[in-house]
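Colleague: I have a new structure to learn from. Can we go through it in short questions and answers?

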Amino acid sequence: QAFHAIGSAFDSYCTWLSTKDQSMAKEVSSALKRDIGKEIWRLAAVMPNLSSILGSEYLSQKYDSSDDDAVDAQKRLRYLFCEFVKVMSICHSEAVVLFLDDSQWMDPASAALLNQLLMTSGSAVRDHRFSFMASCRDDEMNETHPLTNMLASVDTFGIKTTMIRLTPMNKDAVNEFVSATLSLLPRITRPLANILHQRSKGCVLGRAGICCRR
């Protein structure tokens, strides 16, 4: 489903905001009602917990979208997401960071949304008030992947991007991790670390998952 991962991330933000910071929730609610107005229902369709900020009565009126063309509806939703991010970055004094895991599964519609978010939030990006982070398995991606194309696109417009490649850990690094995790001397954890390294091939996520199942 288009925009599902991004909508879920912002939906979690709505839940956090409504339960942890009521004063900020009121400020964001007022700004969204002022800047987006009644079209906010379109965002609420992919971010159900937005109602906890706006109030369910504000979203109670139903609007007919049956005449919307699918392409036009996606374009409109991308615009509304950009307005939502603009409100977030203005209302919060802290930086807003959008993080998406397993981005090797990103669909073209979501990549287009991210591209628009970063391009239209230019001042917020430059001032470090809005940032995007993603993790992915690069061995499952190629030069035509939606995320690859999106990063290349924003880079041409001066949006700074940084790639951090996580390489497999060697045996000593795995042993250091196991030693610190179990609070045992390295010479004691060495046999276990060797097994973990062999099973995970030094993969950071692999060895962490194995340790978590101990």
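Modeller: Start with one definition: buried means under 20% relative accessible area, exposed means over 50%, and partly exposed lies in between. Keep in mind that this is a predicted model.

Colleague: Is valine 97 buried, partly exposed or exposed?

Modeller: Valine 97 sits in strand E1, residues 96–100. Its relative accessibility is 45%. Buried needs under 20% and exposed needs over 50%. So valine 97 counts as partly exposed.

Colleague: Which residues make the nonpolar surface patch with Val97?

Modeller: The patch covers about 290 Å². Val97 is one of its members. Its partners are Phe99 and Met133.

Colleague: Now the inside. Which helix gives the most to the largest nonpolar core?

Modeller: In soluble globular proteins, nonpolar side chains tend to be buried together. Here the largest nonpolar core has 45 residues, and those with the most contacts inside it include Phe10, Leu50 and Phe81. One helix gives 9 residues to this core, the most of any: helix H5, residues 70–91.

Colleague: How many residues are in the second, separate core?

Modeller: Met169, Val174, Val178 and Leu196 are among its members. The size of this second core is 5 residues.

Colleague: What does leucine 50 contact, beyond its neighbours within four places in sequence?

Modeller: Leu50 is among the residues with the most contacts inside the largest core. Leave aside the neighbours within four places in sequence. Then leucine 50 is in contact with Asp11, Cys14, Leu32, Ile40, Leu43, Ala44 and Phe84.

Colleague: Are the rings of phenylalanine 10 and phenylalanine 81 stacked, tilted or edge-to-face?

Modeller: The structure holds 5 aromatic pairs. In this pair the ring centres are 5.9 Å apart and the planes are at 35°. Stacked needs under 30 degrees, and edge-to-face needs over 60. So the pair of phenylalanine 10 and phenylalanine 81 is tilted.

Colleague: How many residues apart in sequence are the parts that this pair ties together?

Modeller: Both phenylalanine 10 and phenylalanine 81 are buried. Phenylalanine 10 lies in helix H1, residues 4–20, and phenylalanine 81 lies in helix H5. So the pair ties together parts at a sequence separation of 71 residues.

Colleague: Which residues form the aromatic cluster?

Modeller: Phe10 and Phe81 both belong to it. The full cluster is Phe3, Phe10, Tyr13, Trp16, Phe81 and Phe84.

Colleague: On to charges. Which residues are linked with Glu39 in a network of salt bridges?

Modeller: A search of the whole structure finds 7 salt bridges. Glutamate 39 meets arginine 42 at 3.0 Å, N to O. Glutamate 39 also forms a salt bridge with arginine 76, with the closest N and O atoms 2.2 Å apart. The network therefore links Glu39 with Arg42 and Arg76.

Colleague: Is arginine 42 buried or exposed?

Modeller: Its relative accessible area is 17%. The cut-off for buried is under 20%. So arginine 42 is buried.

Colleague: How far apart in sequence are aspartate 138 and arginine 165?

Modeller: Their side chains meet in a salt bridge at 2.1 Å, N to O. Aspartate 138 is in the loop between strand E2 and helix H8, and arginine 165 is in the loop between H8 and helix H9. The pair links distant parts of the chain, and the separation is 27 residues.

Colleague: Is arginine 165 buried or exposed?

Modeller: The relative accessible area of arginine 165 is 53%. The cut-off is over 50%. So arginine 165 is exposed.

Definitions and conventions:
Residues are numbered from 1 along each chain as its sequence is written. This is a predicted model: local features need pLDDT of at least 70, side-chain atom pairs count only at pLDDT 80 or more; totals for chains, interfaces and linings use all residues. Side-chain values use heavy atoms; hydrogens and water are left out. Patches are made of residues with over 30% relative accessible area and no salt bridge: like charges are joined within 9 Å, nonpolar side chains (Val, Leu, Ile, Met, Phe, Trp, Tyr) within 5 Å. Accessible areas come from the Shrake-Rupley method with a 1.4 Å probe; for residues, only the protein chains shown count as cover. A salt bridge is a side-chain nitrogen of Lys or Arg within 4 Å of a carboxyl oxygen of Asp or Glu. Helices (H or I, at least four residues) and strands (E, at least two) are DSSP runs, numbered from the N terminus. Buried means under 20% relative accessible area, exposed over 50%, partly exposed in between (1.4 Å probe, protein chains only). A nonpolar core is a set of buried Ala, Val, Leu, Ile, Met, Phe, Trp, Tyr and Cys residues joined through side-chain atoms within 4.5 Å. Contact means heavy atoms within 4.5 Å. Rings of Phe, Tyr and Trp (its six-membered ring) pair if their centres lie within 6.5 Å; planes under 30 degrees apart count as stacked, over 60 as edge-to-face and the rest as tilted.
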